[in-house]
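Biologist: Walk me through this one, please. I'd like the cut-offs along with the answers.

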Amino acid sequence: MRIAALVIAFVLSWSVHLANAQTVEQFAGIWSGTYTCGATQAGLTLVLQPQSNYALTGTLSFYPLPNRSDVVPGSHGVRMQIKGADLFGGYGAWIQRPKNQKKQLGFTGKIVSSTKLSLQISAPGCKTFDVVKFEGAPADAPRVVTKEAAKAPEVARQTPEKKAAGARQFVGRWEGPGFCLNGPAKFVLLVLPEMDGNGFNATLTIVQQASVQADDIAVRGVFVYDDDIRFPVRFEPDPNASMLPRQRPTDFLGRVAPGGKLEGQSREAGCGTVQLNRVSPDAVAETKTKSAPAAYAALEGSWDGAIYDRDNRAHQVAFTVVKSQGGSENRVFDVAVLLDGTQGQLAFAKTQGDNVSIVNILNKGSLPVALKGPITSKIMESGSVEYFVFATQGDADGVGLAWRRPQGRGQTTLQEVCKSEIAPFATARDQARNTARDLRIEYFPALSGLDEDKASVREAYISTLANVSDAERADFARLATECMVASPGFYNYFNRNLLTGIVDMPAVEKLRLGLIRNRELRGGWTLSPGSIPSPTLVGETDAAEAALATVVASVSSQQNIEEVLKVLADNVKTLERARPSVVETSLRPVSAQLARLGQVAAEDALASRKARAEARFPKGSPMPSDIGSNASSFQELLSGTKTRFSGDEISLFGGLVAGAIDKCGQPTALGDRLQLLGFLFQGVDRALFGESYATGDLLDTLRGSLQGTLMYDQGAGLAEKLGCNSQLLAAALADLVDATKTRVTTADGRASLFVRSCSLDRELSQCQCLARTMQSAMPGINDLRYDRSQLASLAARNPSTAIQVATVCGVGNY
């Protein structure tokens, strides 16, 4: 079947190459020029005549130029192929071989015009040169070596009809054993009855038999017979035919041997002399069907899976396995592979006994990694799942797992099915979880106990699975398990937590780690799907969402933030049984109410602070000239309105606190002094490290450290200049105590955004400690949403602060 299919394809495509015949005819004749190789310069003459639609044959003569004697004349056969504008000159047998001349002259080149060719001898040190077509009488042509060569253009060429009559006797199927560079091989020459110019359409196949790693060669061309050349029987490959990677047009040069055999060789394939017997006058006879070992016969079909390499990287893979229609006798399956989104071609081949191995028959680099290695298990079954395990060697050294794709899925890969069937659920859950987390942050601490996992599963289930049958829900759970095991891209993209409760994740992790570490699937297939929420979830959700209006009404009558948050905390279970998106919509009036109450609380708190500040340092009191350029910072602090501090202000007031404690023992109250130690330590940190310690820019690092030191020294100097009895110094210290109490809160007294968002993943006390400690290197931290990357950034900004985060706050896992 393979040969029949190839023949049909070849016959349909012959007409594409008729233009080449005209090209070949144009370049028949005599061509001459001068070539230079190193210190040698010599004349060269080509005498060419058409041999087939793809090539010209003739002679190449080389000889010394006038007044030079450094070249011994000689000549040999030549065969020139034309592919587009490119020329390829292969050499034939010697006609006159100079003494000490080891090798004939091959060449490559390009067509410049119908009367000029640009050539280069295929040897080191040879330059490009031109040969031009001679249009005069042969007797006046540039020098050719030997009378035989000189007469070549005058040889009467046979008519196409005569050549066809000579070639017609070879129509049929010819086979014979040979030996090539890869070892033993089988030659199959098919000469078709369809005539093409001077000969007949033909195909040459060289089947590698010794090594399953070697590529078979299959090329199309024309079979010609011409009794005027050294090898009257020739298979001329079509140089324009599409080829598999690493292949090139391969010829066959031969002659008729006793017994009606064809004896010849294929130089370009690296094969020695071979004798072919005509096994059938029918060129399209069926080839022998290959058989796979019984244990692997069922490999035919489509499989999805994953490869886990020694670096714990996962690669998504899909196989489509069909019976081999080519290749070595041992290659029983041809395999289309999709590896990490890149298509390629493999083979499954018999090795020793009944073992089967993966064979990489592509150019290196065609796939992200090279796949080769044994299939280490027979096809196994566990319930309805068929699977096999394979090892990979080389670039993807590791182990793979593949299971059969259901028939109803057709050519759709597991990766695509995961995206179309599982991704909507995972995406809905991801969005619902984010909404639930936003609710916990906005209504902190009332909704701290809201279980975002349960709430997000509820929303994803209702949006994607509520209206399907029980059987479809069970199929969903099984498919989700497959996606997490055999689709690394899905596992990595969606994060395993998005399918927690649907997939038995501990079992998935055990299987993945077992494959990675043990290189095999010990204990067989042990996975089972997790649990799908009950359909009763819909009714429970409807009831909870109906109750949300009552919760909102109860909240609306509350007069302060604490009362509002208490009502929400009392109803957290009701909120948890509703979909997060519905809760978010329903609580919008509550959010607006909290904003109004917060504004009132913030205004009351500000008024209270301003009153205390006014009592300490009345408005209009003279500002000492020693404060200088820092007057605006002191004025804002002494007015009672300052709640956030810049980096320079942290250094300035840190120095002020240090000077006041050192010189004056102020503040005297232990609680107030402890409250201000944070400013002192942060000021020292900034003086030592700045906030750009490890950015890689030394100048930036020094600039930050010097600026911190300058501001810290200014603050310490101010404390000394103001004096211990200064009203301004006492007021500034008291106002700093007031300000530090709000550094990790909002204006209305609630926890800052950083603390609220941090508390989703850490203890509240840790988050408050982080907020206080990180301000020296990241002054605006409390207005940011918590992210683990901030901790890593902190280590680069200020290593001293990072050490405090670990030792004081107990946070080291970042």
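Modeller: First, a definition: buried means under 20% relative accessible area, exposed over 50%, and partly exposed anything in between, with a 1.4 Å probe and protein chains only. Keep in mind that this is a predicted model, where local features need pLDDT of at least 70, side-chain atom pairs count only at pLDDT 80 or more, and totals for chains, interfaces and linings use all residues. Residues are numbered from 1 along each chain as its sequence is written, and side-chain values use heavy atoms, with hydrogens and water left out.

Biologist: OK, then is Lys566 buried or exposed?

Modeller: Lys566 sits in helix H11 (residues 561–570); helices here are DSSP runs of H or I with at least four residues, strands are E runs of at least two, and both are numbered from the N terminus. Its relative accessible area is 53%, so Lys566 is exposed.

Biologist: And which residue forms a salt bridge with Lys566?

Modeller: A salt bridge needs a side-chain nitrogen of Lys or Arg within 4 Å of a carboxyl oxygen of Asp or Glu. Here the closest N and O atoms are 3.2 Å apart, and the two residues are four places apart, about one turn of helix H11. The partner has 54% relative accessibility and therefore counts as exposed. It's Asp570.

Biologist: How exposed is Arg588, which meets Glu584 in a salt bridge?

Modeller: The N to O distance for that pair is 3.1 Å. Glu584 is partly exposed at 29%. Arg588 is partly exposed too, because its relative accessible area is 49%.

Biologist: How many residues separate Asp761 and Arg437?

Modeller: Their side chains meet in a salt bridge, 3.0 Å from N to O. Arg437 belongs to helix H5 (residues 414–442), while Asp761 is in the loop between helix H20 (753–758) and helix H21 (764–773). Arg437 counts as buried because its relative accessibility is 17%. The pair links distant parts of the chain, and the separation is 324 residues.

Biologist: Which residues are linked with Arg437 in a network of salt bridges?

Modeller: By the rule above, the model has 23 salt bridges. Arg437 is part of a network, and its linked residues are Arg440, Glu452 and Asp761.

Biologist: How many residues has the largest nonpolar core?

Modeller: A nonpolar core is a set of buried Ala, Val, Leu, Ile, Met, Phe, Trp, Tyr and Cys residues joined through side-chain atoms within 4.5 Å. Those with the most contacts inside the largest one are Phe634, Phe645, Phe653, Leu656 and Leu736. Helices H15 (631–638), H16 (647–664), H17 (670–689), H18 (698–722) and H19 (727–740) each give two or more residues to this core. Its size is 31 residues.

Biologist: Which residue makes a polar contact with the side chain of Thr740?

Modeller: Thr740 lies in helix H19 and is buried, given its relative accessible area of 10%. Beyond its neighbours within four places in sequence, it is in contact (heavy atoms within 4.5 Å) with Gln675, Leu676 and Phe679. A polar contact is a pair of N or O atoms within 3.5 Å; within protein, one must be able to donate a hydrogen and the other to accept it, and residues adjacent in sequence count only if both atoms are side-chain atoms. At 3.2 Å, the side-chain partner is Gln675.

Biologist: Last one: over how many bridges do strands S2 and S3 pair?

Modeller: Both strands belong to a closed barrel running S1-S2-S3-S4-S5-S6-S7-S8, with antiparallel pairing. Strands pair if DSSP finds at least two bridges between them. One bridge joins Gln49 to Thr57 in S3. Strand S2 (residues 40–50) and strand S3 (residues 55–63) pair in the antiparallel sense, and the count of bridges is eight.
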